[in-house]
Amino acid sequence: MSEAAAAPKRAPRASLGSPEGDDVFGAFDPRVARRFLAYLKPHRRSFIIAQVAVLFSAAGQLSMPLVIGWVTQSVIAHDVGRFHLALAAFAVAAAAFAAMFFLEEWLSQRLANRVIFDVRRHMFAHFQDISLSFMDKTHVGRLMSRLQGDVNSLQEFLENTTGAVGDFVQLIGIAVILVAIDVKLGLLTLTVLPALIGLRAIWLPYSKVAFRLARDASSTANSALAENINGVRTVQETRREALNFQLYAEKAQENFRAQAHAAWISQIMIPTVDILTGVALGIVVVVGGSEVLNSHLSVGVMVAFVFYVQKFFDPVRMLSMQYTIMQRAMAAAHRIFEVLDVPVTIADRPDARVLAVEAPTVEFRHVTFGYDPARPILHDVSFQVRPREVVALVGPTGSGKTSIISLTHRFYDVDQGQVLVGGVDVRDVSLDSLGRTIGMVLQEPFLFTGTIEENIRYNTEGASLETIVAAARAVSAHDFIMRLPEGYQTPLGQRGRNLSMGQRQLISFARALVADPQVLILDEATANIDSFTEQAIQKALKVLFAGRTCMVIAHRLATIRDADRIVVLQAGRILEQGSHDELMATDGLYRHLYTSAHASFDDEAVAATGDAEFATRT
Amino acid sequence: MSEKPPIGRGAGPSSAPTVDVSAMPAVLSRIARLALRYPWRMALTFVTSLLAALASLMAPQLIGGSIDAAHRMMTSAVHPGDAAAVKALLMRNAFLILAATSLRGVLTLASGYQSEYLSQRVALDLRTAFFQQLQRLSFGFHDRIHSGDLITRGMLDLEGARALINGAIFPAVSLVLLAAFVAWRMLALDPVMTLIGLGFIPFAGASLGRMGFRLRVTWLRVQQLMSALTLAMEENLQGIRVVRAFAGRAFELGKYDAAANAVLTFQYRRITLRFAGVLGMQVSFYISLGLLLWYGGTKVLAGQMTPGRLTEFVAYMMLLLGPIRQIAIIFNSMARATSSGGRLFEILDLQPEVADAPNAEPLRPTEGTLRFEHVDFRYDPAGRQVLSDISFEVGAGKTLGIVGPPGSGKSTIANLIPRFYDVSGGRITIDGTDIREVTLASLREYVGLVQQEAFLFDASVGHNVAYADPWAEDARIEGAARTAQIHDHIAGLPGAYETRVGERGVALSGGQRQRMSIARGVVPGPGVMVFDDSTAAIDAVTERKVREALAQATAAKATVIIAHRLSSLMHADEILLLDEGRIVERGTHDELVARGGVYADLFELQSRMGSDLEDAA
């Protein structure tokens, strides 16, 4: 604030949040609709019952004015028998309507929720299968908005769709009844319909614009809120509260204006429909009344007519609301199917084997690979990791270390050559068995919400608490875990915020140990961990490596020196390999890296490559 | 954590819903009071609703009158003059009907728009209040709550509370008005018929009231389970590499199914409850209507009532049908608003644990000396003592180093200086003034803290560096980036300082992120600099360059460096070795090494393990 006063002319270098900018409305697309119907198939029975119930409840509702007309007519005619008959008909119609309406809504809303969860699950499962490069490129927030926002739009549509069918049936039914009762009066009354359709056609483009603006404004405001929540500590540290509030208040104001405008646009149709109802009623009163006078029409029929005309516009109003919902759902469905259409490139072959090898080898045979095949990252890479051998991968950023470990786990498929684990091409084995053979510890440990115990167990469901404690002891995590307020039952804060980096690392080691894989792949943390934990980590690594075939992207000299063999990579090619002493004896890159001032084996060494990576990923 | 307000940690499926029966009227009336802050709009909405209800009543009367006129005409002897008069009456009525429905339409538009406007206005107030409150609440609060939970409250719950105004309050008001007018009109015509016609109201009310309460409980549960599901999905996506690395697909889908089925069970329950309520209401309405037809019909048969009057009664009943259908929607949104509003107000009502003292004045530093005097600290009054009897002094131009194992309280010290938490004992002063006596804004402007984990915003690199002082000139931004050794990297980016940082800075390496946050800390030129392990991910060589540049930039300032790498702080004027919240050793690097204690061991260890490189350099 004070800065603002000091330099009022300069606009602050500040923004908050970023809008999504997706299309809000989609045109009706029969292909999308057909695909969507596939989700209804397993629930055909309740779907059909619901539709039948709609027909009955609409019929019940339709017959109501007619029945009331009969009642009126019978009392005018002083026919007691018919009067009682008409009352009985009323009771039947009312009971049928209430029961069928309950059945229709109860079934279709349950169905809507069920189908929505099926769609969401399908999408969620798809995210588990599609290529990591897609996942890397797409913000989690965006994926979540597919899983939540778009799915919710569909839910809204589905919950209302059975009702819409009912409205449509009623609309047609009323039109037919009006004409059936009295052709002239019926047709005359229906003349207001073209006027309504015309007015709606004028209104529609305005409403689209207004609704789009409203949604954009709300997503902009919400994204600003989310960002400020996620970064609230930084906001307070840098005293940005006032400025951020100002930025947010502008967006919230804008949202308010857009919502109010959209409300105005959507409400404007109400008087239009009401005036047209008035016109139709006027026609009935004047023309119908005259016909009654001329004895062409009975009073009862005219009463029925009045009620039908009043009812006629209810479904019209509902249907125009439905139309907007349908358009929103179409756009959402489009985006959902777009996600579902992302091909699964890595999948089990039909004849995939189960990989079960004791102490397997890992071998790369002439592997060429690139995320973009036109720009390979690995060029003709061949090397072997023998059973129970520890191999360190060393090289600057962009040299292809991460690609090698990703290919071993078959996160991606090679463009040329072969990756073999236990002598079998990874493409010939089932992904599940490959995943259980190969354990992986990532550079940045990721912990889930839950207790420490749950995090160490992860998906090794059979692991007992003893196994977990033993693993934690083996990686020297037991002591600090026991010092936590609830020991192994301590719930982790968001992403393990209540633990230090090193402690999180140790937990991820314990997780790998419990999974007990034959092959271990480890991407060593670059971060400088405190010496106390660092010692524990070095000890833990020895435990982890024991008896396993290991591949390590190493940054620590201690780790590199302890490896049985070192593979030195540069620009996607293997430059040299051998033990520390062997490599120091030759005058290669390793010796150069080791002795030069830039000798950290991490990302700072080749800045230019890092920049290229930055550019492609943002 | 114990005595603090009950904020669900991610609201897992295990946490039982805390349903306070008495909360419903309190929460609802509080939302209503927010709307009352706009009395004129509120009044306008009510008046237009009232007039719209009145206009609605005119049409049935006119229709009934027309029918009776036509009927009279038919049953009596035909008089040509009469026929012309009746026709004129019909014409007049037709115009009046048109006028009445048009009027009703315009009034409905006005009240509908006003109520939507008002609800959006209240939403705006809630939104800005929520935003401000989140910025005011201290770290202690944010430590306890999951950010996803806050986002859910700020979006979905806020919408739920807003929907009460235009989805429940005004529809309920128009419903009551309409029912009252109908009752009044009906009473004027025939009290017995009125009793029969409106007899369903108490039954429908009772059935809906029961439903409303149970619906609220169910809604609350649905919302809690839904946020657990959201959390499960979000974490899966964020940790997708771990999931794949551990072949966790089946496991994750199992987790998803468990969470999703829990939501679905309660959604089903909600649907059954809601439509059972609707069913009860409709059945009672139709019983009333049926009885009305029977009674009225019998009276017409007996010649005690005209058919037009019966029609008028039925038309009134039909008029109620639409709004009555809305009752279920009204109750549904009331139930939702109660649980949503409760979750929202829970946050809005919290008092920030750290706030300006009533007589706080801006900090007026003279020399710039930071002192800790016998500081004790615990995060939770009932919890473990995190810091015990910490005392030190850092003068301007001096550097204090702090080292110690994880959990020894180093970061806590860093967070106490800008007063993100308040000390439990002792005091912290700047130039002799207790930091609790000055305004937070001036204190935090004076203290620059660089955290270990740098949070980067979804904005350009330049915006991120200039975050603490968005009005800073380009030269200062660039200078700060140079000090942090990140300028060359930024300059090499495709859009230089205008390049957008990916979500949560995924596209930058850990070291680059840390250097960005160091640059950010340097820009405003604070009087006290605190580095909380903020060079951990930077390699040793670059770190040395950063340190040298910082030494120049912060030469006249009090500096606190927390680090694991002893080389980062061995040049400090004083070094504290912390263990379990106590200072166990203190002195200069040389003194501590000479003493042969824990520090000396640590130095020995680090020289052996990792710092070969630095020796080589």
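# A guided tour of the two-chain model

Begin with strands E4 and E5 of chain A: E4(A), residues 416–421, pairs with E5(A) in the antiparallel sense over two bridges. The model is a predicted one. Within this pair, select Leu420(A), which stands opposite Asp425(A) in E5(A).

**The four-stranded sheet of chain A**

Extend the selection to the sheet that holds these strands. Four strands of chain A form an open sheet, ordered E2-E1-E4-E5, and the pairing is antiparallel. Strand E2 (378–385) and strand E5 (424–425) of chain A each have a single partner strand and stand at the edges, so one side of each is left without a neighbour in the sheet. Next, add helix H13 of chain A, residues 401–408. H13(A) lies across E1 (362–369), E2 and E4 of chain A, and runs at about 120 degrees to E1(A).

**The six-stranded sheet of chain A**

Keep H13(A) in view and turn to another sheet of chain A. This open sheet has six strands in the order E6-E7-E8-E3-E9-E10, with mixed pairing. Which strands stand at its edges? They are E6 (438–441) and E10 (573–578) of chain A; each has a single partner strand, so one side of each is left without a neighbour in the sheet. From one strand to the next, the twist averages 20 degrees.

Inside the sheet, select E7(A), residues 519–523, together with E8(A), residues 549–553; these strands pair in the parallel sense over five bridges. Val519(A) has Thr549(A) in E8(A) as its bridge partner. H13(A) packs on this sheet, where it touches E3 (390–394), E6, E7, E8 and E9 (565–570) of chain A. The direction of H13(A) makes about 150 degrees with that of E8(A). Helix H18 of chain A, residues 501–515, also packs on the sheet. H18(A) touches E6 and E7 of chain A, and its direction makes about 175 degrees with that of E6(A).

**The two domains of chain A**

Now colour chain A by domain. The domain assignment gives domain 1 as 30–340 and domain 2 as 362–617. The C-alpha centres of these two domains of chain A lie 55 Å apart. How many residues does each domain bring to the contact? Domain 1 of chain A gives four residues and domain 2 of chain A gives four residues. On the side of domain 1 of chain A that touches domain 2 of chain A, the residues divide into one nonpolar, two polar and one charged.

**A helix pair within chain A**

Move to helix H3 (residues 44–76) and helix H6 (residues 140–181) of chain A. Their axes are 9 Å apart, and the helices pack at an angle of about 40 degrees. That angle makes H3(A) oblique to H6(A). The crossing of H3(A) and H6(A) is right-handed.

To see the contact, select Ala50, Gln51, Val54, Leu55, Ser57, Ala58, Gln61 and Leu62 of chain A in H3(A). They meet residues of H6(A), including Thr162(A), Val165(A), Gly166(A), Val169(A) and Ile177(A). The residues of this contact between H3(A) and H6(A) divide into nine nonpolar, seven polar and no charged.

**From chain A to chain B**

Stay with H6(A) and bring in helix H7 of chain B, residues 200–238. The axes of H6(A) and H7(B) come within 10 Å and cross at roughly 140 degrees. This crossing of H6(A) and H7(B) is right-handed. In H6(A), select Val140(A), Leu143(A), Met144(A), Leu147(A) and Gln148(A), which meet Thr230(B), Met233(B), Glu234(B), Leu237(B) and Gln238(B) in H7(B). The contact of H6(A) with H7(B) has six nonpolar residues, three polar and one charged.

Then display the interface as a whole. The contact takes 144 residues from chain B and 144 residues from chain A. Which helix of chain B supplies the largest share of the side that touches chain A? Helix H3 of chain B, residues 80–136, does, with 30 residues. The residues of that side of chain B divide into 82 nonpolar, 40 polar and 22 charged.

**Strands of chain B**

Finish in chain B with strand E9(B), residues 574–579. E9(B) pairs with E3(B), residues 399–403, in the parallel sense over four bridges. Here Ile402(B) stands opposite Leu576(B) in E9(B). E9(B) also pairs with E10(B), residues 582–587, in the antiparallel sense over five bridges. In that pairing Ile575(B) stands opposite Gly587(B) in E10(B). E9(B) and E10(B) form a hairpin with two residues between them. Select Glu580(B) in the turn, which has a positive phi of about 45 degrees.

How values were computed. Residues are numbered from 1 along each chain as its sequence is written. Chains are lettered from A and ligands numbered from 1 in the order in which they are written. This is a predicted model: local features need pLDDT of at least 70, side-chain atom pairs count only at pLDDT 80 or more; totals for chains, interfaces and linings use all residues. Axes are lines fitted to C-alpha atoms, for helices over the stretch in contact, and angles run from 0 to 180 degrees between N-to-C directions. Angles under 35 degrees count as roughly parallel, over 145 as roughly antiparallel, 65 to 115 as roughly perpendicular and the rest as oblique. A crossing is left-handed if the near helix is turned anticlockwise from the far one by less than a right angle, and right-handed if clockwise. Two residues are in contact if their C-beta atoms, placed from the backbone, lie within 7 Å. Ala, Val, Leu, Ile, Met, Phe, Trp, Tyr, Cys and Pro count as nonpolar, Asp, Glu, Lys and Arg as charged, and the others, Gly among them, as polar. Two strands pair if DSSP finds at least two bridges between them. Domain bounds come from an automatic or database domain assignment.
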